[in-house]
Amino acid sequence: ILYIEVNRKKKIIMNYKFRLKPYAHQLTALEKSWNKENFAYFMEMGTGKTKVLIDNMSMLYDKGKIDGALIIAPKGVVKTWYEQELPTHLPKHIDNTTVLWQSNITKSQQEKLDSILENEMLLHILVMNVEALSTEKGVNFARKFINAHKTLMAIDESTTIKTPTASRTKNIILLGKQAKYKRIMTGSPITKNPLDLYTQCEFLDPWLLDFASYYSFRNRYAEMKTMHLRGRSIQVVSEFKNLGELSDTVKQFSYRVLKEDCLDLPPKNFIKRHITLTPEQQKVYKQMKDHALAMLNGKVTTTMTVLTQLMRLHQITCGHFTADDGSVQSVKSNRMNELMSILEDMDGKAIIWANYQRDIENIVDEITDKYGPESVVDYYGLTPQEDRQDNIRKFQNNPECRFLVGTPQTGGYGITLTQANTVIYYSNGYDLEKRLQSEDRAHRIGQKKTVTYVDLICEDTVDEKIVKALRDKINIASEVMGEELKDWI
């Protein structure tokens with residue numbers, strides 16, 4: 001039952017049959033938002049904002065207010081929306097047809113895509129990756145969909161439209177003008193740069209923030225200074241101002257919740273983020289899969305056993321290639337971009353585990369470039385012994401140090417990292433004990449928050465089998481052998 005407070009008394013606004021019972025903070029989000037034309041779910045990763053959006057969408061459909069939903073999300077989560085979130089949370093009584101946008105599709109897939117433009121008496125759901133809205137084909141189809149329905153349009157991880165000059169930002173804002181209801185969702189709306197709010201809110205309604213342009217908004221909330229860089233002058237933020245006023249304004253059309261506020265959440269919360277192989281990876285991966293041999297830039301790698309072949313395939317999904325002569329080459333990969341997208345959307349501190357030393361070094365470099373050298377420490381085989389305890393203390397006690405990057409082999413045992421409530425597996429090994437031990441670095445005595453675990457998974461590769469086995473508590477190194485491994489590959 002949903003309530004709204006009127007004159008300090010609770011009034012029932014809807015008796016609604018959920019597919020899964022919501023938590024208290026999710027009910028609060030729905031009570032504040034369900035029938036609003038524009039609303040922002042600023043809910044930290046792991047607090048269930050996806051379920052809130054699906055329930056909100058279902059309520060509006062039940063009330064006859066919408067018959068279409070356009071969900072726009074980053075590449076890493078569109079498949080999760082389509083395969084996991086919607087089937088799990090959409091109430092059984094709602095007749096629907098759900099389609100995942102694909103730019104290169106077969107004739108039968110095109111027919112299914114076209115079917116959601118037909119105005120039948122059911123809820124039509126279109127899930128699109130945000131990158132498609134940079135293309136004419138994607139924009140045109142989204143426009144057709146919105147115009148064919150009474151549409152709710154939602155942007156998951158709405159910081160993807162924070163750049164006012166980006167073509168996809170402009171396209172999405174224009175499309176939003178034609179949608180009946182609009183929602184944005186992100187776990188980190190204002191902590192990185194308050195100016196990022198402007199285009200997210202402009203999508204909802206250009207006048208929510210009461211500014212006619214981005215520049216007038218910027219002048220109100222930031223002091224700018226001129227910097228001279230490589231022969232040209234650029235404007236950068238010197239300091240922010242009037243942020244209390246901005247916060248009060250945003251509260252009128254948003255709901256903000258952190259994991260530490262959600263006392264009813266389970267102690268561990270697991271999330272998947274999907275990645276696709278790049279064309280370069282696909283080529284090398286197929287060679288190794290088909291022939292237990294691959295070649296890149298004249299360098300060859302071969303394998304003699306199925307387990308070694310599995311390892312080589314896994315390395316390729318992570319973006320590198322080890323040749324028979326011991327040399328290592330990079331293979332263009334989407335994995336690092338997905339990791340940085342997750343970091344941008346989260347608050348607080350995070351542990352990032354990776355299986356290969358090469359990945360540790362690349363991750364530390366990327367984080368250093370974006371967040372500064374004080375933001376990250378490492379804990380792996382090449383971390384000097386005299387630095388290890390200092391790195392743990394820095395992570396646990398220094399607010400500026402937000403990320404610890406390490407390998408489960410080195411950092412997965414005997415250390416306490418309870419300041420983190422997000423644990424990201426950039427890549428996994430095959431040893432179940434190391435996985436469980438590394439999970440418990442954050443989830444142990446002293447942890448007062450729910451811990452969210454995020455697995456980066458490369459679609460249609462051995463990556464999927466590895467993560468599934470570990471989550472099913474199977475020790476790959478000792479329990480998965482011979483013919484079963486061949487089936488994996």
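This is a short talk about pockets, cores and a few individual residues in one protein structure.

Hi everyone, thanks for coming. Please keep in mind that what you have in front of you is a predicted model.

Let's start with open space. The largest pocket has a volume of about 660 Å³. Its lining is made up of 29 residues, and the closest to the pocket centre are Gly-48, Thr-50, Glu-85, Asn-269 and Ile-271. Which elements give two or more residues to that lining? They are helix H2 (49-62), helix H3 (75-89) and strand S12 (268-275). H3 provides the largest share, with seven residues. For those of you thinking about chemistry, the lining of this pocket divides into 10 nonpolar, 10 polar and nine charged residues.

Now to enclosed space. Here the count is one cavity of 30 Å³ or more, and about 30 Å³ of space lies in it. Around this cavity you will find Met-288, Thr-301, Arg-312, Gln-315, Ile-316, His-320, Phe-321 and Thr-322. Helix H11 and strand S15 (320-322) are the elements that give two or more residues to the cavity lining. By class, that lining has three nonpolar, four polar and one charged residues.

While we are at H11, have a look at Thr-317, which sits in this helix, residues 306-318. Is Thr-317 buried or exposed? It counts as buried, because its relative accessibility is 1%. Beyond its neighbours within four places in sequence, Thr-317 is in contact with Leu-277, Gln-281, Tyr-285, Ser-333, Arg-335, Cys-458, Thr-461 and Asp-463.

Two of those partners come back when we turn to Asn-334, whose contacts outside the four-place window are Ile-275, Thr-276, Leu-277, Thr-278 and Gln-281. Asn-334 lies in the loop between strand S16 (328-330) and helix H12 (335-344). Its relative accessibility is 27%, so Asn-334 counts as partly exposed. If you would like a distance to check, the C-alpha atoms of Asn-334 and Tyr-379 are separated by 24 Å, with the two positions 45 residues apart along the chain.

On to the packing. The largest nonpolar core has 41 residues, and those with the most contacts inside it are Leu-70, Leu-126, Leu-133, Met-153, Phe-203 and Leu-209. Take Met-153 as an example: leaving out residues up to four places away in sequence, it touches, among others, Leu-70, Ile-72, Ile-146, Ile-172, Leu-175 and Phe-203. Charged side chains have a place on that list too, including Lys-182 and Arg-183. There is also a second, separate core of 38 residues, which includes Leu-30, Val-52, Ile-71 and Ala-73.

Leu-30 brings us to helix H1, residues 24-33, where His-25, Gln-26, Ala-29, Leu-30 and Ser-33 are buried. Why do these buried residues line one face of the helix? Seen down the axis of H1, they fall within an arc of 145 degrees, so they line one face.

Last, two backbone details for the torsion fans. Asn-242 is not a glycine, yet it has a positive phi of about 55 degrees. Asn-242 is found in the loop between strand S10 (232-240) and helix H9 (243-251), and it is partly exposed at 31% relative accessible area. Lys-473 also has a positive phi, near 65 degrees. Its loop runs between helix H17 (462-471) and helix H18 (476-479), and Lys-473 is partly exposed, with a relative accessible area of 49%.

That's my tour, and I'm happy to take questions.

Key. Residues are numbered from 1 along each chain as its sequence is written. This is a predicted model: local features need pLDDT of at least 70, side-chain atom pairs count only at pLDDT 80 or more; totals for chains, interfaces and linings use all residues. Side-chain values use heavy atoms; hydrogens and water are left out. Helices (H or I, at least four residues) and strands (E, at least two) are DSSP runs, numbered from the N terminus. Buried means under 20% relative accessible area, exposed over 50%, partly exposed in between (1.4 Å probe, protein chains only). Contact means heavy atoms within 4.5 Å. The arc is that of the directions from the helix axis to the C-beta atoms. On a 1 Å grid over the protein atoms alone, a cavity is a set of points where a 1.4 Å probe fits but cannot get out, and a pocket is an open set with protein on both sides within 12 Å along at least five of seven lines; lining residues have an atom within 4 Å of a point. Grid points are joined across faces, edges and corners, and a volume is the space filled by probe spheres set on the points. A nonpolar core is a set of buried Ala, Val, Leu, Ile, Met, Phe, Trp, Tyr and Cys residues joined through side-chain atoms within 4.5 Å.
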